[in-house]
Amino acid sequence: MRTSRNQIAYTTYILIGLNLLIYGLEIKLGGSQSSIALERLGALIPERVLAGEWWRLIGANFLHYGSFHLATNMLSLFFIGRLIEFSLGARYYLTIYLVSGIGSMLTFTLFAFRLGLDNAFLVGASAAIMGLIGAILAISLQIWLKRRNSVTAKRRLQQIILIVIIQFIFDNIVPQISFHAHLFGFVIGFLISSVLVFVKFNLKEA
């Protein structure tokens, strides 16, 4: 995974700016911890999505419940987002981010009633960010597959797997975090990234 001090992560900064802008709108409409304001702006409510309000699948990814929720997600996006943007380019990065976030919200909606979560109320960029973590795993796995004799590649892959395990343990401990949304985002991000990374690496070699 390559990074450069001379590069500027425009896409990451735009995403962060958009999240901050919408957070300001939350405050203006009644507060970031106001369920009424969040509902108006697009919080994910499975039954409402199934009733036709599909735009909630997008809107929920840009809403945050409180300043701490916003800060932790934006800090994660700042570090992880730039890494993926520099490694895969803005187009692939944005594709992974949006598909992971929207795909996670859709998958959660479809399984909500089976999971007994029909009263769920979800907001946050964390599902999309988990998709980026899935992308990191996909990149590390592709590098290891090409350099199986590399101790560094093997160690990096092991470290990423350990981080993923710790993340999901943390998700299960903290009650406010949606384990399922994170899991869906991670899996979708890993799968789509595996395809995009394979294509990108093989185009370079062609």
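This is a short walk through the side-chain contacts and one surface patch in the structure above.

Okay, so before anything else: this is a predicted model. Keep that in mind as I go through the distances.

Let me start with charge. Opposite charges on side chains can pair up when the charged atoms come close. How many salt bridges does a search of the whole structure find? Three. Take E39 to begin with: its partner is R48, and the closest N and O atoms are 2.5 Å apart. R48 also has a salt bridge to E53, at 3.2 Å from N to O. Then E53 reaches R56 as well, and there the N to O distance is 2.6 Å. Put those together and you have a network of salt bridges linking E39, R48, E53 and R56.

Now, how covered are these residues? E39 comes out at 28% relative accessible area, so we call it partly exposed. R48 is at 25%, again partly exposed, and E53 is partly exposed too, at 22%. And R56, is that one buried or exposed? Buried: its relative accessibility is 2%, and the cut-off for buried is under 20%. So if you click along the network, R56 is the arginine to look at for a buried charge.

Next up, the rings. There are four aromatic pairs in the structure. One I'd like to show you is F78 with F79: the ring centres are 5.1 Å apart and the planes sit at 85°, so this is an edge-to-face pair. For that label the planes have to be over 60 degrees apart. Y13 comes into this as well, as ring pairs tie Y13, F78 and F79 into a cluster.

Stay on F78 for a second. What sits over its ring? That's R82, with its charged end 4.0 Å from the ring centre. F78 itself is partly exposed, with a relative accessibility of 27%.

Okay, moving to a serine. S32 is in the loop that runs between α1, residues 10-28, and α2, residues 35-41. It's a loop residue, but S32 has just 6% relative accessibility, so it counts as buried. What does its side chain contact? One partner is the side chain of Y23, in a polar contact of 3.1 Å. There's a backbone one too: the nitrogen of G66 is 3.3 Å from a polar atom of the S32 side chain.

Last stop, the surface. Which residues make the nonpolar patch? They are L50, L106, L110, F111, F113 and L115, and the patch covers about 550 Å². The biggest share comes from helix α6, residues 90-111, which puts in three residues. L110 is in that helix. At 54% relative accessible area, L110 counts as exposed, because the line for exposed is drawn at over 50%.

So, to recap: a salt-bridge network through E39, R48, E53 and R56, a ring cluster of Y13, F78 and F79, a buried S32, and a nonpolar patch of about 550 Å². That's me done, happy to take questions.

Technical notes. Residues are numbered from 1 along each chain as its sequence is written. This is a predicted model: local features need pLDDT of at least 70, side-chain atom pairs count only at pLDDT 80 or more; totals for chains, interfaces and linings use all residues. Side-chain values use heavy atoms; hydrogens and water are left out. Rings of Phe, Tyr and Trp (its six-membered ring) pair if their centres lie within 6.5 Å; planes under 30 degrees apart count as stacked, over 60 as edge-to-face and the rest as tilted. Buried means under 20% relative accessible area, exposed over 50%, partly exposed in between (1.4 Å probe, protein chains only). A charge sits over a ring if NZ of Lys or CZ of Arg is within 6 Å of the ring centre and within 35 degrees of the ring normal. Patches are made of residues with over 30% relative accessible area and no salt bridge: like charges are joined within 9 Å, nonpolar side chains (Val, Leu, Ile, Met, Phe, Trp, Tyr) within 5 Å. Accessible areas come from the Shrake-Rupley method with a 1.4 Å probe; for residues, only the protein chains shown count as cover. A salt bridge is a side-chain nitrogen of Lys or Arg within 4 Å of a carboxyl oxygen of Asp or Glu. Helices (H or I, at least four residues) and strands (E, at least two) are DSSP runs, numbered from the N terminus. A polar contact is a pair of N or O atoms within 3.5 Å; within protein, one must be able to donate a hydrogen and the other to accept it, and residues adjacent in sequence count only if both atoms are side-chain atoms.
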